[in-house]
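Please open the structure below in your viewer and keep the selection panel at hand. We will go stop by stop.

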Amino acid sequence: MEDVRDACGYVSASATPVEAPKIALTFDDGPSAAWTPVLLDGLKERGVKATFFLIGENADKNPEIVKRMAEEGHLIGNHTYHHVELTKVSENEARLELADTSAVIVRITGKEPEYMRPPFGAWQRKLEQEIEMLPVLWTIDPLDWTTENQDEIVNKVVTEAEENDIILLHDCYKSSVEAGLRIVDILQEEGFVFVTVDELLLN
């Protein structure tokens, strides 16, 4: 009888569902009229939601793409209006860069962005008290903007990928967009679930 109880215990324990590892795919510097729609098509086909940190002037020029991002459930964040390094401008200019971008996003989507990514990862700590957005950095950076070699980008990401990682890519380059979709295919095959960054940060 003891053996039966042990066996039943083993079966029930082994049948406990294991939660799939979560990972976030983020794209900076868009939207790009040429490549962001291609990326959105690919993400939709794969049932994946990503996080987009938008440059304000690019969002201003491509409102339909921004609207589509929002409608398809992607998370939209602020990446300044002109892609400025926030530690190299005055506090007032930094505030304006963020405020102007948020205004564009609100005008298009009706929703205030809650997350921002400082260009180059350079952040003015004083601003943290003043703005109602959380700064988001990354854990995997394949430096995709320096190369058109898709294999190099893909290999860098998939060999480093672990649970709760935040992957940094750019949706303004053909090679990065195509590499991004290949990364999704490989990591989904490995059991990863793609989520927007808020799901990682708020858990």
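Rings of Phe, Tyr and Trp, the last taken by its six-membered ring, form a pair if their centres lie within 6.5 Å; planes under 30 degrees apart count as stacked. Keep in mind throughout that this is a predicted model.

**Stop 1: the aromatic pair**

How many aromatic pairs does the structure hold? It holds one. Select F27 and F52 and show their rings. The two are stacked, at 5.6 Å centre to centre and with 20° between the planes. Colour the strands next. F27 belongs to strand β1, residues 22-28, and F52 to strand β2, residues 51-54, so the pair ties together parts that are 25 residues apart in sequence. Is F27 buried or exposed? F27 is buried, at a relative accessible area of 0%. F52 is likewise buried, with 0% relative accessibility.

**Stop 2: from β1 to β6**

Stay on F27 and look across to the partner strand. The bridge partner of F27 in β6 is L169. Now select both strands in full. β1 and β6 run parallel, paired over five bridges.

Select residues 166-170 alone. Five of the five residues of β6 are buried, so this strand is largely enclosed by the rest of the structure. Which residues lie on each side of β6? I166, L168 and H170 are on one side, I167 and L169 on the other, and all are buried. Both faces of β6 are therefore covered.

**Stop 3: from β2 to β3**

Go back to β2 and add β3. These two strands also pair in the parallel sense, over four bridges. To find the register, select L54: it stands opposite N78 in β3. Then show the side chains of β3, residues 75-78. L75 and G77 point one way, I76 and N78 the other way, and all are buried.

Follow the chain past β3 to T80. T80 sits in the loop between β3 and α5, the helix of residues 91-109. Check the backbone here. T80 is not a glycine, yet phi is positive, at about 70°. T80 is buried, at 0% relative accessibility.

**Stop 4: F120, another positive phi**

Jump to F120. This residue has a positive phi of about 65° and is not a glycine. Where is F120 placed? F120 is in the loop between β4 (115-116) and β5 (134-135). Turn on the surface. F120 counts as exposed, at 57% relative accessibility.

**Stop 5: the cis bond and T36**

Select G30 and P31 and show the backbone atoms. The peptide bond from G30 to P31 is cis, with omega near 0°. P31 is in the loop between β1 and α2, the helix of residues 36-46.

Step on to T36. This residue is found in helix α2. T36 is buried, with a relative accessible area of 0%. What does T36 touch, leaving aside its neighbours within four places in sequence? Its contacts are P31, F52, I65, M69 and D171. Two of these names are familiar: P31 from the cis bond and F52 from the aromatic pair. For a distance check, draw a line from T36 to E199. They are 163 residues apart in sequence and 23 Å apart in space, C-alpha to C-alpha.

**Stop 6: I183 in α7**

Select I183. Helix α7, residues 174-189, holds it. I183 is buried, at 0% relative accessibility. Which residues does I183 contact beyond its neighbours within four places in sequence? Light up I153, V154, V157, V158, I167, L169 and F194. I167 and L169 are the β6 residues met at Stop 2. Then draw one more line, from I183 to K22. Their C-alpha atoms are separated by 14 Å, with the two positions 161 residues apart along the chain.

**Last stop: zoom out**

Show the whole chain as a cartoon. Its secondary structure comes to eight helices and seven strands. The C-alpha atoms fill a box of roughly 75 × 40 × 30 Å along the principal axes. Of the 203 residues, 47% count as buried. Among contacts between residues at least 6 apart in sequence, 74% join residues at least 24 apart.

Finish with the surface and the charges. About 10500 Å² is exposed, and carbon and sulfur atoms supply 50% of it. The protein has 18 positive and 39 negative charges, and their mean positions are 4 Å apart.

Technical notes: Residues are numbered from 1 along each chain as its sequence is written. This is a predicted model: local features need pLDDT of at least 70, side-chain atom pairs count only at pLDDT 80 or more; totals for chains, interfaces and linings use all residues. Side-chain values use heavy atoms; hydrogens and water are left out. Rings of Phe, Tyr and Trp (its six-membered ring) pair if their centres lie within 6.5 Å; planes under 30 degrees apart count as stacked, over 60 as edge-to-face and the rest as tilted. Buried means under 20% relative accessible area, exposed over 50%, partly exposed in between (1.4 Å probe, protein chains only). Two strands pair if DSSP finds at least two bridges between them. Contact means heavy atoms within 4.5 Å. Accessible areas come from the Shrake-Rupley method with a 1.4 Å probe; for residues, only the protein chains shown count as cover. Lys and Arg count as positive and Asp and Glu as negative; His and the chain ends are not counted. The place of a charge is taken as NZ of Lys, CZ of Arg, CG of Asp or CD of Glu.
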